[in-house]
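User: Could you take a close look at one part of this model for me? I'd like to know how two of its helices pack together, and then how the protein meets its nucleic acid partner.

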Amino acid sequence: MLSLKYIRENREWVEKVAKGKNIEVDIDKLLELDDRLKKLQVKIDKLRHERKLLAKQKFTEGLREKGKKIKEELKKLEAEYEEVKKERDEIWKRVPNVVYKEVPFGKDENDNVEIKRWGEIPKFDFKPRSHIELGERWDIIDFKRGSKVSGFRGYFLKKELAVLHMALLWWAFQKLVAKGYTPFTAPAIVKGFTLFGCGQFPWGERETYVLNDKDAYLAGTAEQPITSYYANEVLSWKELPKKFVAISPCFRREAGAHGKDTRGIYRLHEFWKVEQVIIAPADDEKARELHEELQKNTEEIWQELKIPYRVLLMCTGDMGEPQAKKYDTEAWMPGRGGWGEVASNSIMTDFQARRLNIRYKDKDGKTKFVYTLNDTAVPSPRALIAIIENYQQKDGSIKVPEVLQPLVGFGKIPSGRF
RNA sequence: GGAGGAGUCGCCUAGUGGUCCAUGGCAGCGGCCUGCUAAGCCGCGCCCCGAUUUUCGGGGCUCGUGGGUUCGAAUCCCACCUCCUCCGCCA
């Protein structure tokens, strides 16, 4: 959410960014409705003032008459106010966040800017296999029974891969804990306000699983429960920034992606993620610093796994509505013969905090909205694709990355243990 | 799932239809005062309007949320949310 004051004072910029994010918003209408609302408020405030004065006087029949009149008039005006407010908010909540000046304008993923590349793309002296082929060969992924039991995009991880999956999550989790990030396990069942607050709603409603309860949804990422953790609270500048690492299951309907990545464990309805979240003071420079810190954490993970990756600065057309700046990290996946997204690192400025009402008292005693940031540490099973495919050997076996060997207790797949 | 109790400003707390434009304390921040420190005093949320527009004046809102009753609601009624106690079921 942007403040209406900001929108009013920077309307051309807001319109330009919205367009850049491929979003249609009628700022004229928004401001016109807001003007109407203000005028109504003045009228209502005047009437309420009169009512208050009456209520202070000694009670008489005449007073009752006057009071009734005011009451009826107020009722009409308040109804009108609510109607206009609803209309205004409907537009307001669809205005996306503005972006940092270093963010490139662009239409879609083709206009993202590659800013870094790490590692050597492996050269195989054989035709590399995909994780799908290897997964079935060693009976460590079962797609057939996955879809039988769970439906489209259903899967089972088995044997060594089930162990590797847990090890990877645990290893990444521990790494962040060692860096001072507060460990969380987060609920995956969340109320609607968290999804609206994080900017999932209204744009991504079709992406979200709705449970049969009145106000219960499945979270698409721990960003949602963790960022909402301090909703409606007032923090102190002394406790900021607060850094969290959370592990949670993630659920996505992938409603807009039916034809995409239909095979394998790249795009799933259900997966696990270790997520980094930071609640920060309202300071753009500090936010940039923390954003780089998150990025460094993510890159360390891929460096220690010894898997090549690249980092993209996302253009407006490939950014989410709440984001002011975003990096994607993509790991090399030989089976695709290309890069696959494994982390998404964003500064939201106070866009989410305004919707979630998370504030803090600054040094000067002023109450401000916090800034929020989040970045994937590791998504799994997707990250397993990069491990399986980069570590495959000529005979089809898969080496286990050195850093994970002590956790899983074997050095290659098949291990002969299951 | 059933029965009972509770939710007031960052935290604690007073308040059971008009004397509440919500009491008192604590913490934090700013200011005043001041050899130093401490104490003391004043202020402290959100929205709107006006002007002599980093400030001042006026009004409104804010007692878990949303409705309702009433001339008037923190207070009465209804629904919902959350927490506590007990019963039932249960990994």
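Analyst: In this predicted model, helix α7 (residues 159-178) and helix α12 (residues 382-390) have axes that come within 11 Å and cross at roughly 115°. The crossing of α7 and α12 is right-handed. On the α7 side, the residues in contact are L161, L164, H165 and L168, and they meet A383, L384, I387 and I388 of α12. By character, the residues of this contact divide into 7 nonpolar, 1 polar and no charged.

Now to the surface near RNA strand B, where the residues divide into 4 nonpolar, 4 polar and 13 charged. The strand is surrounded by 21 residues, and the closest are D45, H49, K52, D364 and G365. Two helices to look at here are α3 (27-56) and α4 (61-92), each of which supplies at least two residues of that surface. With 9 residues, α3 gives the most.

Which part of the RNA faces the protein? Of the atoms of RNA strand B within 4 Å of the protein, 79% belong to sugar or phosphate, and the rest to bases.

You can follow this in individual side chains. An N or O atom in the side chain of Q41 is 3.0 Å from a sugar or linking oxygen of RNA strand B. For D45, an N or O atom of the side chain is 2.8 Å from a sugar or linking oxygen of the strand. The side chain of K52 has an N or O atom 2.8 Å from a phosphate oxygen of RNA strand B.

How values were computed. Residues are numbered from 1 along each chain as its sequence is written. Chains are lettered from A and ligands numbered from 1 in the order in which they are written. This is a predicted model: local features need pLDDT of at least 70, side-chain atom pairs count only at pLDDT 80 or more; totals for chains, interfaces and linings use all residues. Side-chain values use heavy atoms; hydrogens and water are left out. Axes are lines fitted to C-alpha atoms, for helices over the stretch in contact, and angles run from 0 to 180 degrees between N-to-C directions. Helices (H or I, at least four residues) and strands (E, at least two) are DSSP runs, numbered from the N terminus. A crossing is left-handed if the near helix is turned anticlockwise from the far one by less than a right angle, and right-handed if clockwise. Contact means heavy atoms within 4.5 Å. Ala, Val, Leu, Ile, Met, Phe, Trp, Tyr, Cys and Pro count as nonpolar, Asp, Glu, Lys and Arg as charged, and the others, Gly among them, as polar. A residue is near a molecule or strand if one of its heavy atoms lies within 4 Å of it. A polar contact is a pair of N or O atoms within 3.5 Å; within protein, one must be able to donate a hydrogen and the other to accept it, and residues adjacent in sequence count only if both atoms are side-chain atoms.
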